[in-house]
Amino acid sequence: MKLLMEKLEQLLELGGIKKDITLLAVSGAAVLLSLFGVQPFPFDIAWIAIILCGIPIILEAVIGLVTAFDIKADVLVSLALIASVAIGEDFAAGEVAFIMQLGGLLEELTVARARAGIEKLVHLTPQTARLLRDGQESIIPAEQVQVGDLLRVLPGEGVPVDGVIVSGQTSINQAVMTGESLPVDKAAGDEVSSGTVNQFGAFEMRASKVGEDSSIQRMIRLVQSADAGKARIVGIADRWATWIVVIALSAAALTWLITGEIIRAVTILVVFCPCALVLATPTAIMAAIGNATKHGFLVREGDALERLAGVKVVAFDKTGTLTYGTPEVVEAASLTDACTREQIYRLAASAEQLSEHPLGKAIVRCCKKELGDTLAPADGFHMLPGRGVRARVEGKQILAGNLELLKEHGVSMTPPPAAEEAVRKGCTVTYLAVDGVLAGYIVLSDTLREESADMIGSLNGLGVQPVLLTGDHENVARTIAGQVHIGAVRANCLPEDKLWAVERYQADGRPVCMIGDGINDAPALKKAQVGIAMGGVGSDIAVDAADIALVDDEVRELPHLIALSRRMMATIKCNMTFSMVLNFIAIVLAINGTLNPVVGALVHNAGSVLVITCSAFLLKWKKA
């Protein structure tokens with residue numbers, strides 16, 4: 001006995017999940033040995049399971065009743081344990097305790113509560129600012145910036161507060177706020193937001209919103225409030241626990257009063273223990289999570305699939321979700337007989353080969369892909385922030401950039417209708433001037449994922465409405481939505497706009513699944529009934545805010561996941577129905593004396609095994 005107690009103390013010194021699994025394994029072995037009459041100790045070995053699994057259940061039930069009068073499934077289990085031990089049915093008590101703790105462990109294994117997203121948002125906030133005062137520059141903590149202060153932001157630095165540019169030209173990476181795939185050109189008079197990144201030119205700005213009013217701080221608060229407002233699903237057995245306890249106690253008391261046999265009353269308590277009911281949900285969830293993993297989904301929240309089964313709307317971000325998030329050349333055109341299309345393409349790529357701008361890199365990459373690595377050297381390269389580049393290629397003076405660049409260098413031009421049409425469709429146009437004459441243009445666009453249209457069609461087939469929520473301009477949003485047949489579109493969305501859109505749908509009784517990849521999607525991912533982040537191209541903050549991560553970014557699997565969640569809920573309901581029917585049959589047999597506590601324990605143990613078996617079929621289930 002002393003040796004056994006020493007071993008139990010060593011087990012209890014383990015921590016976390018490892019301890020729970022070890023204690024459960026020991027308890028399971030003890031119950032099995034007791035069932036077959038193997039008794040290596042002077043007491044029933046089932047007492048190991050009673051102590052390791054039963055006592056925690058009893059303590060939790062007592063604490064819940066005393067502190068909050070909270071009646072859960074463990075109240076009935078505790079009554080059955082105590083009653084079984086009182087009449088000497090140790091095996092029945094040990095078996096019930098083991099099954100209940102097995103259900104608890106399965107629930108624990110399905111729960112992941114990673115909460116690093118808000119901390120990462122905080123790290124995005126610039127810590128310092130360059131203050132200009134009386135012609136002198138000084139570096140101060142960003143939180144000390146006051147409204148009206150004049151600040152300088154150098155290339156590569158984050159914008160410390162919200163404000164308006166007063167001098168300078170640059171390109172700003174606004175992905176953190178709007179999710180746009182390309183930097184946005186900015187000049188005097190344009191607004192900039194805290195947390196965004198200055199990519200190229202230095203500029204001076206006047207602070208307009210500081211401290212808690214700044215854009216990045218507002219988004220942090222949105223994420224926090226959205227997470228706090230998301231309801232958690234309560235276990236089915238716990239939701240019905242009060243009725244189960246009342247019915248079980250009433251049946252046991254009446255049986256004892258009528259028959260005078262306490263063993264029948266104890267048997268009723270044992271068979272009425274909601275072991276199969278407790279296992280109905282976690283076993284199905286674990287099997288469904290295993291299935292989802294095979295299809296590229298990492299389920300980070302244990303109840304995410306339960307919530308997903310009820311969604312009526314799927315809201316998509318555009319960039320990086322429905323599209324690849326990287327610009328591609330979709331057209332190169334010559335406007336002069338002096339240059340062919342290929343020459344225009346090669347001259348533009350040659351001039352851009354030293355550029356750090358995403359558009360310039362895209363032109364170089366696509367040109368090499370189509371025409372081969374045959375770029376000419378570029379001399380006298382100059383990058384003009386917010387405008388484009390200037391360089392000499394093959395003895396020709398090349399200008400590659402926007403309309404403002406060409407106008408500033410005296411190039412007379414009228415944008416060709418085809419280029420203007422491309423802009424209306426949401427594309428970006430880079431114009432090319434050769435020796436002061438407009439020679440051609442190159443059209444770039446974010447490219448649609450090949451599987452997006454089919455995936456949207458499958459969602460419609462499931463009765464789910466797709467919605468596009470994007471920070472891009474209206475033309476871009478409408479073009480992409482038209483290609484994939486999404487009818488509901490909201491463009492120019494800031495993080496709070498996406499969150500409010502999700503709130504409105506859910507307030508109308510239409511639970512939303514939000515899918516995104518950017519930091520600007522984090523509040524909506526938190527607020528939605530279920531948030532799914534693109535794990536491959538998505539930001540760490542988006543993944544941390546989501547309930548599910550799509551590891552390989554294969555959005556074609558989304559309809560399978562939704563269909564799987566509904567199948568899982570159907571399996572749970574089937575498990576519940578079976579377990580309740582089995583319990584009531586066992587109660588009738590216990591009342592007339594056919595079952596004793598040991599046989600009753602075996603009956604509902606068999607019910608638990610059948611529930612687990614039924615759930616296991618979800619592992620290989622596939623949408624037809």
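**Exercise 1. A covered helix**

Which residues of H11 are buried?

Step 1. Some ground rules: this is a predicted model, where local features need pLDDT of at least 70 and side-chain atom pairs count only at pLDDT 80 or more, while totals for chains, interfaces and linings use all residues. Residues are numbered from 1 along each chain as its sequence is written, and side-chain values use heavy atoms, with hydrogens and water left out.

Step 2. Find the helix. H11 covers residues 262–272; helices (H or I, at least four residues) and strands (E, at least two) are DSSP runs, numbered from the N terminus.

Step 3. Apply the cut-offs: buried is under 20% relative accessible area, exposed is over 50%, and partly exposed is in between, with a 1.4 Å probe and protein chains only.

Step 4. Read off the list: Arg264, Ala265, Val266, Thr267, Ile268, Leu269, Val270, Val271 and Phe272. That makes nine of the 11 residues, and H11 is mostly covered.

**Exercise 2. Pairing charges**

Pick out some salt bridges and work out which parts of the chain they link.

Step 1. Side chains of opposite charge can pair when their charged atoms come close. Here a salt bridge means a side-chain nitrogen of Lys or Arg within 4 Å of a carboxyl oxygen of Asp or Glu. Searching the whole structure gives 19 salt bridges.

Step 2. Start with glutamate 157 and arginine 130, whose closest N and O atoms are 2.7 Å apart. This pair links distant parts of the chain, 27 residues apart: glutamate 157 sits in the loop between strand S3 (150–153) and strand S4 (162–167), and arginine 130 in strand S1 (residues 128–133). Glutamate 157 is partly exposed at 23%, whereas arginine 130 is buried at 19%.

Step 3. Now take arginine 387 and glutamate 408, which meet at 2.8 Å, N to O. Arginine 387 is in the loop between strand S13 (378–384) and strand S14 (388–393) and glutamate 408 is in helix H17 (residues 403–408), so the pair ties together parts that are 21 residues apart in sequence. Arginine 387 is buried, with a relative accessible area of 16%; glutamate 408 is partly exposed at 48%.

Step 4. Look for shared partners. Arg130, Glu137, Arg152, Glu157 and Glu204 are joined into one network by salt bridges that share partners.

Step 5. Add one more pair: lysine 361 and glutamate 356 form a salt bridge with 3.4 Å between the closest N and O atoms. Lysine 361 is partly exposed, at 41% relative accessibility.

**Exercise 3. Odd backbone angles**

Where do aspartate 435 and histidine 485 lie, and what are their phi values?

Step 1. Most residues other than glycine have a negative phi, and most peptide bonds are trans.

Step 2. Aspartate 435 goes the other way, with a positive phi of about 50°. Aspartate 435 lies in the loop between strand S16 (428–434) and strand S17 (437–448), and it is partly exposed at 46%.

Step 3. Histidine 485 also has a positive phi, about 65°. Its spot is the loop between helix H20 (474–484) and strand S19 (488–490). With a relative accessible area of 62%, histidine 485 is exposed.

Step 4. For a glycine case, go to H24 (residues 558–591), which has 34 residues. H24 reaches 50 Å from its first C-alpha to its last, close to the 50 Å expected at 1.5 Å a residue (the expected span is 1.5 Å times one less than the number of residues). Just after H24, glycine 593 has a positive phi of about 90°.

**Exercise 4. An internal hole**

Which residues line the second largest cavity?

Step 1. A cavity is a set of points on a 1 Å grid, over the protein atoms alone, where a 1.4 Å probe fits but cannot get out; lining residues have an atom within 4 Å of a point.

Step 2. The search finds two cavities of 30 Å³ or more. The second largest has a volume of about 30 Å³, volume being the space filled by probe spheres set on the points, which are joined across faces, edges and corners.

Step 3. The lining is Phe297, Ile515, Ile532, Met534, Leu550, Val555 and Leu558.

Step 4. Sort them: seven nonpolar, no polar and no charged. Ala, Val, Leu, Ile, Met, Phe, Trp, Tyr, Cys and Pro count as nonpolar, Asp, Glu, Lys and Arg as charged, and the others, Gly among them, as polar.

Note on methods. 1 Å grid on protein atoms, 1.4 Å probe; cavity = no way out; pocket = protein on both sides within 12 Å on 5 of 7 lines; lining within 4 Å.
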